[in-house]
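User: Hi! I'm new to this one. Could you walk me through it?
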Amino acid sequence: MKQEPLVLGIETSCDETGVGIVRGHTLLADAVASSVEEHARFGGVVPEVASRAHLEAMVPTIERACDTAGIALRDVDAIAVTNGPGLAGALLVGVAAAKALALGLGKPIYGVNHLAAHIAVDQLEHGALPEPCLALLVSGGHSSLLKVTDVTAGVEPLGATIDDAAGEAFDKVARLLGLPFPGGPHIDRVAREGSSVYVDFPRGLTARRDLERHRFDFSFSGLKTAVARWVEARERAGEPVPVSDVAASFQEAVCDVLVRKALDAAASQGIEDLLIGGGVAANSRLRAMAEERASRLGIRVRVPRPGLCTDNGAMVAALGSEMVARGRTPSPLDLPADSSLPVTSVLA
Amino acid sequence: MLLAFDTASPQVTVALHDGADVVAELTSEREMKHGEQLAPLIEAVMARAGIVRQDLTAIGVGVGPGPFTGLRVGLVTARTLGFVLEIPVYGVCSLDVLAAEADRPGELVVATDARRKEVYLASYVDGVRVAGPAVAKPATVATVLPVVGEGGALYPADFPHFSGPMRPSAGWLARVVTEELAELCDPEPMYLRRPDAEAPRPPKRVS
Ligand SMILES: [Zn+2]
């Protein structure tokens with residue numbers, strides 16, 4: 001089996017059209033076209049707007065990735081594509097494009113799970129994935145704790161959010177505070193000027209009675225409501241809202257729960273490597289807190305650089321490359337896009 | 001060898017044209033699921049004609065109007081395949097394909113199903129499109145002129161002079177491209193509708 005396969009990966013599960021090219025664990029190109037600005041005025045991703053943008057961006061993004069990588073498409077060994085989970089109509093554009101590439105090049109296609117790809121991408125930065133490892137995936141669409149024994153063979157979900165995703169909570173709180181969409185980077189920025197202990201916001205699902213049933217699950221909707229109540233009370237009293245303090249206190253509450261549960265999960269499984277991925281992994285407080293607390297427990301933390309944490313094609317190519325290297329069977333050409341693809345299924 | 005396909009109706013239709021005539025044509029048995037059926041049908045139609053991908057010299061694709069999800073599967077496939085194979089991609093209005101197959105002198109209306117109790121339609125005189133495509137409620141565009149396309153069959157009260165064909169066929173799409181029976185266009189989707197999206201209201205109060 002080819003050890004350093006050249007793989008092109010396509011990602012269209014949400015609002016980023018991503019095309020990445022890797023050779024083994026080496027990143028050659030990571031072209032991303034985002035429709036985020038078209039969604040900003042709607043305060044969230046509009047599926048039809050995203051799907052239209054994917055169609056327009058697809059070929060130019062493939063072309064850009066090939067130019068950056070300095071390769072000819074015919075040299076590619078395999079095509080990988082996110083076939084779920086994600087927005088159905090958006091996924092479909094990427095899957096159809098990947099099939100057209102596979103047909104036109106006469107190369108195999110690998111449908112890959114978006115969440116597993118978020119994990120595999122770290123190989124491009126830090127080398128072979130430690131297996132087993134524990135993955136904390138946090139973004140606008142997902143908040144999961146996963147046990148990874150073989151990233152190409154499905155991962156075991158230990159816990160997930162029971163309501164909002166972590167990134168969604170950032171977006172909603174940003175809106176409450178009058179900060180632009182997407183909220184994550186803006187909260188991170190203003191929180192640096194604020195006090196993280198200004199308000200003691202609730203930590204969802206950390207009470208003793210919740211831990212029995214939801215030890216590794218998350219809940220962020222109560223936190224979001226608590227922030228809204230606090231802000232409204234201030235406004236009603238005619239007092240100014242200390243935006244940076246509220247942002248810092250909210251961010252502290254989210255990161256505290258994420259890190260606490262991730263480290264508890266790692267310890268309970270006897271796992272010594274924690275990997276954090278997804279758009280929220282770009283949050284500076286989350287990174288710092290995870291590293292500080294993990295080091296006290298002798299747990300190593302791996303976080304890909306921010307550009308690799310958000311949705312991109314490189315992560316799909318990285319997982320595809322691992323599948324080729326480990327001799328996994330390619331997907332059939334009737335590979336479906338599956339918007340609710342379970343994380344246990346890496347290969348469709 | 002021209003590869004032609006259309007995904008602007010509930011069926012996927014694929015054909016090959018060698019410059020003289022259609023040499024192979026396949027239509028999906030299942031409705032919808034364009035994303036699952038198109039690539040295998042392309043592979044199957046090439047196998048049936050005994051050709052390989054390097055034999056393809058051009059692509060013709062239906063640009064709609066039609067349900068968006070299926071339409072995009074066809075267009076992204078055509079554009080990407082055209083890009084890798086370095087061959088031209090020609091768009092054809094899917095309603096023009098039905099008009100070409102109907103091949104009727106004089107006035108003709110083509111109407112297809114636009115869902116939401118609407119039709120996509122266009123008007124032709126001697127095979128040349130003179131109006132449309134547009135999307136409309138059948139009652140507002142009711143006509144006693146001859147009508148072809150599934151829209152006619154769905155709303156017989158508004159389109160009393162309906163006859164086949166019902167859905168565009170890739171074989172006729174291939175003939176349209178090869179014989180230039182209609183105006184060819186860029187492979188851009190004819191959506192005719194804006195995305196359903198509303199700007200959000202201010203945050204709800206929680207207390
Ligand atoms: Zn993601």
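Analyst: Happy to. First, a term we'll need: helices (H or I, at least four residues) and strands (E, at least two) are DSSP runs, numbered from the N terminus. Also, this is a predicted model.

User: Thanks! Where is P85(A) found, in those terms?
Analyst: P85(A) sits in the loop between strand 4 (78–84) and helix 3 of chain A. The bond that joins G84(A) to P85(A) is a cis peptide bond, with omega about -10°.

User: What about the peptide bond from F181(A) to P182(A), cis or trans?
Analyst: That bond is cis, with omega near -10°. P182(A) belongs to the loop between helix 6 and helix 7 (183–191) of chain A. For background, most peptide bonds are trans.

User: You mentioned helix 6. How do helix 6 and helix 10 of chain A pack?
Analyst: Helix 6 (residues 166–176) and helix 10 (residues 243–269) of chain A pack at an angle of about 170°, and their axes are 11 Å apart. With angles over 145 degrees counted as roughly antiparallel, these two helices of chain A are therefore roughly antiparallel to each other.

User: Which residues make the contact?
Analyst: Helix 6 of chain A brings A169(A), F170(A) and V173(A), while helix 10 of chain A brings F250(A), Q251(A) and V254(A). By type, the residues of this contact are 5 nonpolar, 1 polar and no charged.

User: Switching topic: how many residues of chain A are in contact with chain B?
Analyst: 38 residues of chain A are in contact with 38 residues of chain B. Together the two chains bury about 3,300 Å², with 67% of it on carbon and sulfur atoms.

User: Which three residues supply the most of the area that chain A buries?
Analyst: R52(A), L55(A) and L103(A): they supply 20% of the area that chain A buries against chain B, more than any other three residues.

User: And how many salt bridges are there between chain A and chain B?
Analyst: The count is 2 salt bridges. In one salt bridge, the side chains of R79(B) and E56(A) meet at 3.3 Å, N to O. There are also 7 residue pairs in polar contact across the interface of chain A and chain B.

User: Which helices of chain A supply residues to that side?
Analyst: Helix 2 (47–69), helix 3 (88–105), helix 6 and helix 9 (221–236) of chain A each supply at least two residues of the side that touches chain B. That side of chain A divides into 21 nonpolar, 5 polar and 12 charged residues.

User: Last one: is phi of D103(B) positive or negative?
Analyst: Positive, near 50°, in a residue other than glycine. D103(B) lies in the loop between helix 3 (94–102) and strand 6 (107–113) of chain B.

How values were computed
Residues numbered from 1 in each chain as written. Chains lettered and ligands numbered in written order. Predicted model: local features only at pLDDT ≥ 70, side-chain atom pairs only at ≥ 80, totals over all residues. Heavy atoms only, no water. Axes fitted to C-alpha atoms, helices over the stretch in contact; angles between N-to-C directions. Parallel < 35°, antiparallel > 145°, perpendicular 65-115°, else oblique. Contact = heavy atoms within 4.5 Å. Nonpolar A, V, L, I, M, F, W, Y, C, P; charged D, E, K, R; others polar. Buried area = accessible area lost by both parts, 1.4 Å probe. Salt bridge = Lys/Arg side-chain N within 4 Å of Asp/Glu carboxyl O. Polar contact = N/O pair within 3.5 Å; in protein donor to acceptor, adjacent residues only side chain to side chain.
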